[in-house]
Amino acid sequence: MCDKQANILYGKDVSEKIEKEISTKIANLNSQNITPKLAILRIGENPADMAYENAVMKRASRLGINTKQFTLDSDVAQADVLDCIDEINKDDRIHGALIFRPFPKGLDDNLIRNRLAVLKDLDAITDEALAHVFTGNAENYPCTAMACVELLKHYKIPLSGRVVLVIGRSLVIGKPVSMLMQRENATVIMAHSKTTSEQLKKLSAASDIVIVATGKADTFGREYAQNGQTIIDVGMNRTDDGRLVGDVSFDEVVDVVEAITPVPKGVGNITTACLLKQLVEAAEKSTN
C-alpha cells in the first residue's frame, strides 16, 4: 500500500485551457457571421448519455455555440433514424454531429453510423473517419480517446517508452485510444472481456498507465492496481441509487496507485471540450 492517496487528475483545468483556445476562434467566426452549430442525436434514454448530453448543452451555450437536439424513442424505426441523419447532413448550418452509441437492439450500427457525412463526423464513428485515425492522418479523432491524451500531456505524464494497458476494445474508445497512445510512442497492451482475471493481473503488473474503457462499473479493482500506476477511467455508469461512477473501483485503488482520474469531473469534462473544439474547427473549414 502507498502511504498517501493518489494524485487526483481532474479534467477542469484541461478543459478550460481548450475552451480558451476555441473561444478566440468562435469570436473570429462570429465576425464572419458564422455561429458553430452542433447536432445531437440520441436514441432512447440511457442515463449516462443524457448526463453527457446535458454537459455538452451547457458548455455549448456558455461558449456561444448553437445546438439542435434530435431525440428518438428506443423503439424507433431504422428508416426514421436514417432520415434524421440525412436531415443533419443536408443542413449547411450544422457543422458537426454527436451521435450516441451503442444503439438499441434491432438497429444496424454499421448502416446508421456510416450514413453520417464524414465532414460532420466529430467523433470519428464512420468507417472512413476511423480509417484515417488508424492511418494517422485523421481530421477528427474520437473525443474520449483525444481527451485521454490531452489529460496526460497536461499533467506531464510521459507516454513515450511507457507501457499502456487499454482494457476494452470497442471502436468507440478502446481501439482508437490504443492508436493514439502508439502515436505518442507508447507500447500498448490490449485486454478485453475475454481476458481472464489472472491474465489481467499479469498485464497490469507490467503496465505504467491503465486506461479502463469497459462500460461496466467495478471492472478494475484492488486486485489489479499497482504502486506507481496512472489510472485513466473513461467509464460513465449510473448506479441504482443515482450516483455517476466510472469503470474503476475508485475507493479500492486510490490509496494504491500514483494518479487516477475521478468520475465525474475527470475525462468526461475534457471529452466535451474536445468535441466542441473539433466542431469549431469544422466550422472554420466550412468557410473555405
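Axes here are lines fitted to C-alpha atoms, for helices over the stretch in contact, and angles run from 0 to 180 degrees between N-to-C directions. With that in hand, here are some exercises on this predicted model.

**Exercise 1. Describe how helix H1 packs on helix H6, and say which residues make the contact.**

Step 1. Start with the axes: those of H1 (residues 12-30) and H6 come within 10 Å and cross at roughly 105°.

Step 2. Angles of 65 to 115 degrees count as roughly perpendicular, and H1 and H6 are therefore roughly perpendicular to each other.

Step 3. Now look at the side chains. H1 brings Asp13, Val14 and Ile18 to the contact, while H6 brings Glu150, Leu151 and His154.

Step 4. Sorted by character, the residues of this H1 and H6 contact are three nonpolar, one polar and two charged.

**Exercise 2. Do the same for H6 and H10, adding the handedness of the crossing.**

Step 1. H6 covers residues 143-154 and H10 covers residues 267-286; they pack at an angle of about 115°, and their axes are 8 Å apart.

Step 2. That angle makes H6 roughly perpendicular to H10.

Step 3. The crossing of H6 past H10 is right-handed.

Step 4. On the H6 side, the contact includes Cys143, Met146 and Leu151; on the H10 side, it includes Val267, Ile270 and Leu275. The residues of the contact between H6 and H10 divide into nine nonpolar, three polar and two charged.

**Exercise 3. Find the largest nonpolar core, and follow Leu38 within the structure.**

Step 1. The largest nonpolar core holds 55 residues, and Leu38, Met181, Ile211 and Ile232 have the most contacts inside it.

Step 2. H10 supplies the largest share of this core, ten residues.

Step 3. Setting aside residues up to four places away in sequence, Leu38 touches Leu275, Leu276 and Leu279, among others; its partners also include Val56, Leu98 and Leu122.

Step 4. Another core, of 19 residues, lies apart from that one, and Leu72, Val81, Ile88 and Phe103 are among its members.

**Exercise 4. Locate two cis peptide bonds and the loops that hold their prolines.**

Step 1. Arg101 and Pro102 are joined by a cis peptide bond with omega of about 5°. Pro102 sits in the loop between strand S4 (96-99) and helix H4 (109-113).

Step 2. Val263 and Pro264 are also joined by a cis peptide bond, with omega of about 0°. Pro264 belongs to the loop between strand S11 (259-260) and H10.

**Exercise 5. Ala124 and Lys265 have positive phi: is each one buried or exposed?**

Step 1. Ala124 is not a glycine, yet its phi is near 50°. Ala124 is in the loop between H4 and helix H5 (127-135).

Step 2. Buried means under 20% relative accessible area; Ala124 has 1%, so it is buried.

Step 3. Lys265, another residue that is not a glycine, has a positive phi of about 75°, and its place is the loop between S11 and H10.

Step 4. Exposed means over 50%; Lys265 has a relative accessible area of 60%, so it is exposed.

**Exercise 6. Work out the surroundings of Phe250.**

Step 1. Phe250 lies in helix H9 (residues 250-253).

Step 2. Its relative accessibility is 27%, so Phe250 counts as partly exposed.

Step 3. Apart from neighbours within four places in sequence, Phe250 contacts Ile8, Ile260, Thr261 and Pro262.

Step 4. Finish with a distance: Phe250 and Glu281 are 31 residues apart in sequence, and their C-alpha atoms are 35 Å apart in space.

Definitions and conventions: Residues numbered from 1 in each chain as written. Predicted model: local features only at pLDDT ≥ 70, side-chain atom pairs only at ≥ 80, totals over all residues. Heavy atoms only, no water. Helix = DSSP H or I, 4+ residues; strand = E, 2+ residues; numbered from the N terminus. Parallel < 35°, antiparallel > 145°, perpendicular 65-115°, else oblique. Left-handed = near helix turned anticlockwise from the far one by under 90°. Contact = heavy atoms within 4.5 Å. Nonpolar A, V, L, I, M, F, W, Y, C, P; charged D, E, K, R; others polar. Buried < 20%, exposed > 50% of the residue type's maximum accessible area, 1.4 Å probe, protein only. Core = buried A, V, L, I, M, F, W, Y, C linked by side-chain atoms within 4.5 Å.
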